[in-house]
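Hi everyone, thanks for making time for this. I'd like to walk you through one structure, so please have a look at it on the screen.

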Amino acid sequence: MKAPSSQRPTVDVPSLSVRWEGLVVVVDEQTINTILHQATRRVPEISDILVEAEGGVLSLTIKVKKGFRFPLRSRVTSIRFRDGWLGFALEELKVFGFIPIPPFVIKRIVDRQPPGFAYFYRHERVVVLNLSSVLPPELSLEVREVHCENGEIRVAFGPSHLRLDRLVESLDRDPFDLE
């Protein structure tokens, strides 16, 4: 019989973790729109923002006040999550459905967020959000599919895991010890 190895497991089999596969998270339009309204309340050029999940498409409409009000429309073309960062790519913003507009509105929204929370890569039309303040860094998620139907955004995750190293380390400490 072989003696147990004292080496740490490889990356393929994370030690001290909980793993899962096949998790589906559903978020409704109302929840997303509430979050977007909060995020854009400090952007005076925006009078309204609306996300719609229909027909397999996640669309975004932004009503802008620049002398007169006009709606800008775009679609989310991809969503990625990695190491606490949520990124999504947008189609070109268009007014009246066909006139392309420079992405100044998206840049204004991103610029009005807390420092380090949101980034906008203008040429790729990609917005990246730092969710590490609300999600544990030990969480690793793989986004497999995103379906947008009937006012819901369904995110299907592939193999994912939550590392438990910090939890195990905290078990050595007395939670009532004030020192």
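**A walk through the model**

Let's begin with helix α2, residues 104-111, where Val-105, Ile-106, Ile-109 and Val-110 are buried. If you look down the axis of α2, those buried residues fall within an arc of 135°, so they line one face of the helix.

Before going further, a word of caution: what you see is a predicted model.

Now let me step back to the whole chain. The secondary structure comes to three helices and 14 strands. There are 179 residues in the protein chain, and 31% of them count as buried. The accessible surface is about 12,400 Å², with 56% of that belonging to carbon and sulfur atoms. As for contacts with a separation of 6 or more, 48% are made by residues 24 or more positions apart.

On to the sheets. As a reminder, strands of a sheet pair through backbone hydrogen bonds, either parallel or antiparallel.

One open sheet has three strands in the order β1-β14-β11, with antiparallel pairing. Why is one side of β1 and of β11 left without a neighbour in this sheet? Because β1 (17-20) and β11 (139-140) stand at the edges, and each has a single partner strand. For β1, four bridges make the antiparallel connection to β14, which covers residues 160-163. If you want a pair to find on the screen, take Val-18, whose bridge partner in β14 is Leu-162.

Another open sheet, also of three strands, follows the order β2-β13-β12, and here too the pairing is antiparallel. Its edge strands are β2 (24-28) and β12 (143-149); each has a single partner strand, so one side of each has no neighbour in the sheet. On average, neighbouring strands of this sheet are turned by 15° against each other, direction ignored. Five bridges join β2 to β13, residues 152-157, and the two strands run antiparallel. Within that pairing, Val-25 has Val-155 of β13 as its bridge partner.

What lies across β2 and β13? That is helix α1, residues 29-40, which runs at about 65° to β2.

Finally, let's zoom in on two residues of one strand. Strand β10 spans residues 126-130 and contains Val-126; Asn-130 has its place in β10 as well.

So, buried or partly exposed: how does Val-126 count? Its relative accessibility is 22%, and Val-126 therefore counts as partly exposed, since buried means under 20%. Setting aside residues up to four places away in sequence, Val-126 touches Phe-88, Ala-89, Tyr-119, Phe-120 and Tyr-121. There is also a long-range relationship to point out: Val-126 and Ser-78 are 48 residues apart along the chain, and their C-alpha atoms are separated by 9.2 Å.

Asn-130, in turn, has 15% relative accessibility and so counts as buried. Which residues is Asn-130 in contact with, leaving aside neighbours within four places in sequence? They are Gly-84, Trp-85, Gly-116 and Phe-117. With Gly-116 we can name the atom: the side chain of Asn-130 reaches the backbone oxygen of Gly-116 at 3.4 Å.

That's my tour. Thanks for listening, and I'm happy to rotate the view for anyone who would like another look.

Notes
Residues numbered from 1 in each chain as written. Predicted model: local features only at pLDDT ≥ 70, side-chain atom pairs only at ≥ 80, totals over all residues. Heavy atoms only, no water. Pairing = 2+ DSSP bridges. Buried < 20%, exposed > 50% of the residue type's maximum accessible area, 1.4 Å probe, protein only. Contact = heavy atoms within 4.5 Å. Areas by Shrake-Rupley, 256 points an atom, 1.4 Å probe, with all protein chains shown as cover. Axes fitted to C-alpha atoms, helices over the stretch in contact; angles between N-to-C directions. Arc of directions from axis to C-beta. Polar contact = N/O pair within 3.5 Å; in protein donor to acceptor, adjacent residues only side chain to side chain.
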